[in-house]
Amino acid sequence: METRTAKSIYSKFQDLSFLDEGKKEKAITTSGLLTPKNNSAKIDDKRYEQPAYRVAEYVREIRNKREGLNSG
Amino acid sequence: MDNFQEQQFDAPIPGMSMTAELGARPWQQPPRFSTVEQTTSHYIESMSSEEFSDKLIDVLEMGVPVTTIADVMMMNGTMDGTHSADIGILIMPILVEFMLLIADSSGIEYTSGLEEEDTPSKAAIARAVDKFKKERASSQEDKGSDMQEAGDQFEAVVENTEQMPQEDKPVGLMARRA
């Protein structure tokens with residue numbers, strides 16, 4: 001039984017460019033009493049139903065912090 | 001395929017799963033966290049503590065790869081019923097990335113476990129051995145006729161030596177020995 005899965009799974013998340021594919025940029029108004037507080041773009045996106053996609057979002061967020069730390 | 005040829009001494013004994021009541025083990029119960037978000041926040045919270053960071057840095061300085069620690073954490077979380085095995089596998093990149101962040105922020109030298117291996121894989125070795133065996137078998141078939149001739153010649157020489165008259169050796173206590 002293969003018990004060392006971390007390397008193979010992590011290697012699949014090396015390239016996260018698929019996160020930006022087909023993303024709709026919405027113009028969000030930041031002022032006004034009736035401005036929606038939640039980002040409905042995420043809710044509308046069907047890809048968010050996939051757990052692996054949400055994991056990729058987490059990974060990208062942490063990686064950005066790490067790269068910022070290494071470069072800065 | 002080559003995995004089947006390996007001896008698996010750490011495999012479970014047949015019937016081992018029936019040595020306890022069904023549902024007595026933590027992993028046979030519903031997991032504590034059932035979504036990626038819940039499990040991620042649980043791990044991030046526990047990994048953000050200073051105690052964990054100190055221990056992680058100690059282990060990384062000993063040369064243990066980050067991926068190995070992530071594997072162990074996932075296995076442990078599944079065994080104690082924190083999450084299911086599939087959720088554990090899903091969140092593994094987050095664990096690896098977060099531990100890399102901790103290691104980078106501490107400034108230590110560590111092994112990520114993501115480096116390319118210099119040694120060929122087991123499958124490549126098995127393929128090479130198969131190829132070598134096939135080539136050797138085919139070359140032996142070619143040499144078979146030559147070997148037959150050589151064998152015949154050898155037998156003829158043996159027969160000739162057996163037919164050669166042997167000198168009578170002197171027998172007795174005072175006979176000269178070679």
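This report describes how two helical chains meet in a predicted model, with helix α6 of chain B at the centre.

**The two chains**

Chain A has three helices and zero strands. From the N terminus on, its elements run α-α-α. Buried residues make up 12% of the 72 residues in chain A.

Chain B comes to seven helices and zero strands. Its elements run α-α-α-α-α-α-α from the N terminus on. Of the 178 residues in chain B, 18% are buried. Many contacts in chain B link positions far apart in sequence: among those with a separation of 6 or more, 74% join residues 24 or more positions apart.

**Where the chains touch**

The contact between the chains takes 21 residues from chain A and 20 residues from chain B. On the side of chain A, the elements that give two or more residues are α1 (6-12) and α3. Helix α3(A) gives the most, with 12 residues. By class, this side of chain A has 11 nonpolar, four polar and six charged residues.

**Helix α6(B) and its two partners**

Helix α6 of chain B covers residues 92-106. At 1.5 Å a residue, its 15 residues should span 21 Å, and its end C-alpha atoms are 21 Å apart, so the two values agree. After α6(B) comes G107(B), whose phi is positive, near 75 degrees.

Two packed helices are described by the angle between their axes and the distance between the axes. The table gives both values for two pairs that include α6(B).

| Pair | Angle between axes | Distance between axes |
|---|---|---|
| α3(A) and α6(B) | roughly 10 degrees | within 9 Å |
| α4(B) and α6(B) | about 130 degrees | 9 Å |

Take the pair between chains. Helix α3 of chain A covers residues 51-71, and its axis crosses that of α6(B) at roughly 10 degrees. That makes α3(A) roughly parallel to α6(B). The crossing is left-handed. From α3(A), the residues in the contact are V55(A), Y58(A), V59(A), I62(A), R63(A), K65(A), R66(A), L69(A) and N70(A). They meet P93(B), I94(B), E97(B), F98(B), L100(B), L101(B), D104(B) and S105(B) in α6(B). By class, this contact has 10 nonpolar, two polar and five charged residues.

Now the pair inside chain B. Helix α4(B) covers residues 66-79 and packs on α6(B) at about 130 degrees. The two helices are therefore oblique to each other. Here the crossing is right-handed. V66(B), T67(B), I69(B), A70(B), M73(B) and M74(B) come from α4(B). Their partners in α6(B) are M92(B), L95(B), V96(B), M99(B), L100(B) and A103(B). This contact has 11 nonpolar, one polar and no charged residues.

**What is buried in α6(B)**

The buried residues of α6(B) are M92(B), P93(B), I94(B), L95(B), V96(B), E97(B), F98(B), M99(B), L100(B) and A103(B). They pack against elements of both chains. From chain A these are α1 and α3. From chain B they are α2 (36-47), α3 (50-61), α4 and α5 (85-90).

One of these neighbours, α3(B), has 12 residues that should span 16 Å at 1.5 Å a residue; its end C-alpha atoms are 16 Å apart, which agrees. G63(B) follows α3(B) and has a positive phi, near 100 degrees.

**Two buried residues up close**

M92(B) is found in helix α6 of chain B. It counts as buried because 23 other C-beta atoms lie within 10 Å. Leaving aside neighbours within four places in sequence, M92(B) is in contact with T5(A), A6(A), I9(A) and Y10(A) of chain A, as well as A70(B) and M74(B). The C-alpha atoms of M92(B) and T40(B) are separated by 9.4 Å, although the two residues are 52 apart along the chain.

V66(B) is found in helix α4 of chain B. With 26 C-beta neighbours inside 10 Å, V66(B) is buried too. Leaving aside neighbours within four places in sequence, V66(B) is in contact with L60(B), V96(B), M99(B), L100(B), A103(B), Y110(B), S112(B) and G113(B). V66(B) and Y110(B) are 44 residues apart along the chain, and their C-alpha atoms are separated by 8.1 Å.

Technical notes:
Residues are numbered from 1 along each chain as its sequence is written. Chains are lettered from A and ligands numbered from 1 in the order in which they are written. This is a predicted model: local features need pLDDT of at least 70, side-chain atom pairs count only at pLDDT 80 or more; totals for chains, interfaces and linings use all residues. Axes are lines fitted to C-alpha atoms, for helices over the stretch in contact, and angles run from 0 to 180 degrees between N-to-C directions. Helices (H or I, at least four residues) and strands (E, at least two) are DSSP runs, numbered from the N terminus. Angles under 35 degrees count as roughly parallel, over 145 as roughly antiparallel, 65 to 115 as roughly perpendicular and the rest as oblique. A crossing is left-handed if the near helix is turned anticlockwise from the far one by less than a right angle, and right-handed if clockwise. Two residues are in contact if their C-beta atoms, placed from the backbone, lie within 7 Å. Ala, Val, Leu, Ile, Met, Phe, Trp, Tyr, Cys and Pro count as nonpolar, Asp, Glu, Lys and Arg as charged, and the others, Gly among them, as polar. A residue is buried if 20 or more other C-beta atoms lie within 10 Å of its own, exposed if 12 or fewer, and partly exposed in between; C-beta atoms are placed from the backbone. The expected span of a helix is 1.5 Å times one less than its number of residues.
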